[in-house]
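Me: I'd like a close look at the charged side chains in this model, the ones that pair up and any that don't. Please also walk me through the parts of the fold they sit in.

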Amino acid sequence: MSTQLPAGALSGQGATGPVTTDAQKPATAISENVKPDGAAIRKEWDSERQIVSSLWKLQELETKIHQLRSLLPDRLLAPITPIVNPRKAGSRKSIPKSPQQLYESLAQCARDGVAEVEEFKAMWQSPELKAVWGWVDEKLKESNGQYPQPTGMWERDYDVILRNLENEERQKEEQRQKDIEEQERLQALSAEGSWRGVVESFEKRQLPGLRLLMSKNEAMITVYLGRAGMAFDVQEVASPEDSGTFEWHVDAQPQLWKAPSRLETAICANLNRRPRKWDLAYLLDMIYSYSDVRRTPCKKCNRMTDNSAQLPVVRRPITVESDGKKSISWEAYHSGCA
């Protein structure tokens with residue numbers, strides 16, 4: 001896909017002509033303070049996504065320019081329009097009832113106008129657009145000051161093109177992650193000792209309050225969390241998403257004298273929504289993260305219970321590196337804070 005430069009994109013002008021307000025300085029005046037490294041700029045702008053993203057920013061900038069052109073006198077003096085032109089449809093109903101009301105309306109319009117101008121100036125001088133101006137300067141140097149002549153209008157909606165590019169990148173990244181997980185899954189299946197070896201390796205960590213019991217006849221493990229006073233059954237089941245593959249499913253261990261508690265049910269639901277459902281080591285580590293569920297506050301709100309009196313049962317993995325080795329740590333969140 002090619003990206004055609006629209007009207008004024010290289011000159012720092014809108015599609016309808018040059019910008020003349022004080023807040024809207026020429027692009028070259030802004031870029032004088034940037035002094036970018038040419039080689040670095042060329043490397044960064046080899047990306048089509050970067051170019052499309054910048055063109056979209058320029059489109060947004062031009063939209064704001066058109067909005068500012070209607071600020072004075074139309075919007076800024078809108079409260080006095082019914083007084084100046086009382087014959088205008090609906091004007092009689094909007095005439096201020098008192099000088100105080102007229103003053104408040106004009107003051108509010110002035111505040112809104114100033115805020116709009118400041119927002120525009122901040123966007124014009126933002127690091128993102130300064131990078132655009134730097135790239136424009138670099139292209140002008142390469143072309144000896146020549147740039148494509150404007151056609152007077154934008155020929156593409158770059159926000160739509162950008163969304164399409166982002167969707168493509170997201171799909172590629174999702175596929176890449178699936179390929180990585182599939183390779184890891186195949187390696188785990190071919191490892192010596194299969195799932196029993198994973199459990200035995202986990203037991204060797206001698207984690208406080210943890211006890212594991214393996215079934216002799218089927219792929220099933222019972223996980224006891226002594227500190228939390230809970231137990232879970234982990235069983236290998238056929239994956240509903242892909243025939244021929246298996247995943248690990250978690251249930252609260254049934255008790256003769258009581259049904260699973262609300263907390264246990266919520267924990268099981270979150271465990272079964274995890275990624276890497278084939279990865280038993282990942283699952284066991286996640287289950288153990290609930291050992292301190294009654295003493296671990298929510299990472300976001302720093303409270304133990306939310307408005308529904310529920311503990312933080314959502315777990316998010318983060319990668320921790322220590323002494324050159326990477327491991328997974330778990331952060332706790334309420335369902336409403338996740």
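Reply: One term before we dig in: a helix here is a DSSP run of H or I at least four residues long, and helices are numbered from the N terminus. Also keep in mind that this is a predicted model.

By that count the chain has 11 helices and six strands. Of its 338 residues, 36% are buried. Carbon and sulfur atoms supply 51% of the roughly 21200 Å² that the chain exposes. As for contacts with a separation of 6 or more, 57% of them are between residues 24 or more positions apart.

Now the charges. Searching the whole structure turns up 13 salt bridges, and a few of them deserve a proper look.

Start with a local one. R163 and D159 meet through their side chains, with N to O at 3.8 Å. Why do these two line up? Both belong to helix α8 (residues 158-190), and being four residues apart there puts about one helical turn between them. Neither partner counts as buried or as exposed: R163 is partly exposed because its relative accessibility is 45%, and D159 is partly exposed because its value is 27%.

Next, a pair that reaches further along the chain. E119 and K64 form a salt bridge at 3.3 Å, N to O. This one links distant parts of the chain, since E119 is in helix α6 (residues 99-124) and K64 is in helix α3 (residues 48-69), 55 residues apart. E119 has a relative accessibility of 45%, so it is classed as partly exposed.

Then there's D285 with R205, whose closest N and O atoms are 3.3 Å apart. D285 belongs to helix α11, while R205 is in the loop between α9 (194-203) and β1 (210-214), so this salt bridge ties together parts 80 residues apart in sequence. The two ends sit in different settings: D285 counts as buried because its relative accessibility is 14%, whereas R205, at 45%, counts as partly exposed. Elsewhere, R49, E166 and E169 are joined into one network by salt bridges that share partners.

So what about a charge without a partner? R274 is buried yet has no salt bridge. The nearest side chain of opposite charge belongs to E247, and it is 6.4 Å away; a salt bridge needs a nitrogen within 4 Å of a carboxyl oxygen, so E247 doesn't qualify. What the side chain of R274 does reach is backbone: the oxygen of L271 at 2.9 Å and the oxygen of K277 at 3.0 Å. R274 sits in the loop between α10 (262-272) and α11 (280-288). Leaving aside residues up to four places away in sequence, it touches W248, Y282, L283 and M286.

That loop has another detail worth a glance. R276, also between α10 and α11, has a positive phi near 50°, and it isn't a glycine. Something similar turns up at N302, where phi is positive at about 60° and the residue is again not a glycine. N302 belongs to the loop between α11 and β5 (314-322). N302 is exposed, as its relative accessible area is 59%.

Go back to the R205 loop and follow it into β1. Five bridges join β1 to β2 (residues 220-225), with the two running antiparallel, and the hairpin they form has five residues between the strands. Within that pairing, L213 stands opposite T222 of β2. On to β3 (residues 230-238): six bridges connect β2 with it, antiparallel once more. There T222 has D233 as its bridge partner in β3, so T222 can be followed across from L213 on one strand to D233 on another. The β2 and β3 hairpin has four residues between its strands, and in it G229 takes a positive phi near 70°.

One last backbone oddity, away from the charges: L72 and P73 are joined by a cis peptide bond, with omega about 5°. P73 falls in helix α4 (residues 71-75).

If you want one contrast to take away, set D285 beside R274. Both are buried, but D285 has R205 as a salt-bridge partner, while R274 has no salt bridge and reaches backbone oxygens, among them that of L271.

Definitions and conventions: Residues numbered from 1 in each chain as written. Heavy atoms only, no water. Buried < 20%, exposed > 50% of the residue type's maximum accessible area, 1.4 Å probe, protein only. Contact = heavy atoms within 4.5 Å. Areas by Shrake-Rupley, 256 points an atom, 1.4 Å probe, with all protein chains shown as cover. Lys, Arg positive; Asp, Glu negative; His and termini not counted. Polar contact = N/O pair within 3.5 Å; in protein donor to acceptor, adjacent residues only side chain to side chain.
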